[in-house]
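Work through the exercises below with the sequence and the model open. Try each task before reading its solution.

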Amino acid sequence: MHIPEEQLWHRPCPVCGGEHYVVLRPADYPPDCLDSAELARTYRSSSEKTLMDQLVRCQDCGCQFLSPCLRPEQIKEGYTEAVDPVFVAQNPFRIATFMRVLRRLSGELGLAPGSRILDIGCAGGAFPKAALDLGFKPTGVEPSRWMCDFARREYGVDARYGTLEEQDFQGEPFDMLTFWDVLEHVPHPGKSLELAWTLLKPKGYLVLTYPDISGWPARLLGSHWPFLLSVHLTYYTPLTIRKQLTAAGFGIRSIRPYWQTLSLGYTLSRAAKAAGPFGPLFTGIEKLTRMLRLVSLPCSYYLSQCIVVAEKV
């Protein structure tokens, strides 16, 4: 389908600003992709909309990203209006994962109880809830009104509606700032990171997770890798995420694999929709787990996700 030119954003490389690239995957837009209801379904936390935009690789720095893609204001509209009960139903598993990870991080980094943490793209409040329970002072930012309301109502956390750029934080800077599976969704990640730098204390920490397109699961699964989604605007590797963070004034402390834990039923359901010819196999396994009442069991998985710990320099 042809998308009107005024609806498209010819995006320069988000890492180096280059405008010369090679096409890795051409665009494949469905007929309803610009319908407002479909946009809301696409740009939500549990989106399963497989990659429909053109994927390219920068000839200057090697970063892989979408260009052209839908314009940032359209993407923001989708996130703003998104309603996602499927995503928040998994919050108990996410909270448990975040508590485990945050305990480790606080030990590594010497974060004391009471430290101020800013979580960008907090969705339904799972990370702020975990941080609050561990004695920290979290603040979340989330573009979805529905998600923000859920986080406030269910967990009593400080969740602020909008994007990072729309906030006006007063008072002392933060000890740590987090992007949990968020930076790859951001239209201008360099600008967001530069703003994040200004909100951190000297030697403050930045923690983020991202799906690594160069990881062995991504290479093994190829076009069936579940993270090939139109909500992911940038596809980082350890090399390009280092370049992105260094340019924004951060020093890398570590990059390592990140294991997520969700319910077995939810994980199998997502796998079935992304696995192409192997989808019926995962669907069959999911049905079996339902018969055996195993769908609520925790399931830890690694599909090339990485966690990055960086420091303001």
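A nonpolar core is a set of buried Ala, Val, Leu, Ile, Met, Phe, Trp, Tyr and Cys residues joined through side-chain atoms within 4.5 Å. Buried means under 20% relative accessible area, exposed over 50%, and partly exposed in between, with a 1.4 Å probe and protein chains only. Helices (H or I, at least four residues) and strands (E, at least two) are DSSP runs, numbered from the N terminus.

This is a predicted model: local features need pLDDT of at least 70, side-chain atom pairs count only at pLDDT 80 or more, and totals for chains, interfaces and linings use all residues. Residues are numbered from 1 along each chain as its sequence is written, and side-chain values use heavy atoms, with hydrogens and water left out.

**Exercise 1. The cores**

Task: Find the largest nonpolar core and state which elements each supply at least two of its residues.

Solution:
- Step 1. The largest core has 33 residues. Leu118, Leu177, Phe179, Leu206, Leu208 and Leu245 have the most contacts inside it.
- Step 2. At least two residues each come from β3 (55–58), β6 (116–120), β9 (174–180), α7 (189–199), β10 (200–211), α9 (238–247) and β15 (305–312).
- Step 3. β10 gives the largest share, 4 residues.
- Step 4. Another core, of 32 residues, lies apart from this one. Its members include Phe87, Phe98, Ala130 and Ala131.
- Step 5. Now take leucine 118. Contact means heavy atoms within 4.5 Å. Leaving aside neighbours within four places in sequence, leucine 118 is in contact with Thr139, Val141, Leu164, Phe169, Phe174, Met176, Leu177, Thr178 and Leu199.

**Exercise 2. Backbone geometry**

Task: Locate the cis peptide bond between serine 67 and proline 68. Then decide: are arginine 293 and serine 304 buried or exposed?

Solution:
- Step 1. Serine 67 and proline 68 are joined by the cis bond, with omega about -5 degrees. Proline 68 sits in the loop between β4 (64–66) and β5 (69–70).
- Step 2. Arginine 293 has a positive phi, near 60 degrees, though it is not glycine. Its loop runs between α11 (279–291) and β14 (298–301). Arginine 293 counts as exposed because its relative accessibility is 77%.
- Step 3. Serine 304 also has a positive phi, near 90 degrees, and is a residue other than glycine. Serine 304 belongs to the loop between β14 and β15. Serine 304 counts as buried because its relative accessibility is 0%.

**Exercise 3. Salt bridges within helices**

Task: Examine the salt bridges of arginine 104, aspartate 133 and arginine 152. How far apart in sequence are the partners?

Solution:
- Step 1. Apply the cut-off: a salt bridge is a side-chain nitrogen of Lys or Arg within 4 Å of a carboxyl oxygen of Asp or Glu. The structure holds 12.
- Step 2. Arginine 104 bridges to glutamate 108, with the closest N and O atoms 3.0 Å apart. They lie 4 residues apart in helix α4 (residues 91–109), so about one helical turn separates them. Glutamate 108 is partly exposed, at 35%.
- Step 3. Aspartate 133 meets lysine 129 at 3.3 Å, N to O. Both lie in helix α5 (residues 126–133), 4 residues and about one turn apart. Aspartate 133 is partly exposed at 42%, and lysine 129 is partly exposed at 22%.
- Step 4. Arginine 152 pairs with aspartate 149, the closest N and O atoms being 3.5 Å apart. Being 3 residues apart in helix α6 (residues 145–155), they are separated by about one turn. Arginine 152 is partly exposed at 37%, as is aspartate 149 at 41%.
- Step 5. Shared partners link Arg104, Glu108 and Arg256 into one salt-bridge network.

**Exercise 4. A buried acid**

Task: What does the side chain of glutamate 142 reach?

Solution:
- Step 1. Glutamate 142 lies in strand β7 (residues 137–142).
- Step 2. Glutamate 142 is buried but has no salt bridge. The nearest side chain of opposite charge (Lys and Arg count as positive, Asp and Glu as negative; His and the chain ends are not counted) is arginine 152, 11 Å away.
- Step 3. The side chain of glutamate 142 reaches the backbone nitrogen of serine 144 at 3.0 Å.

Terms used:
Polar contact = N/O pair within 3.5 Å; in protein donor to acceptor, adjacent residues only side chain to side chain.
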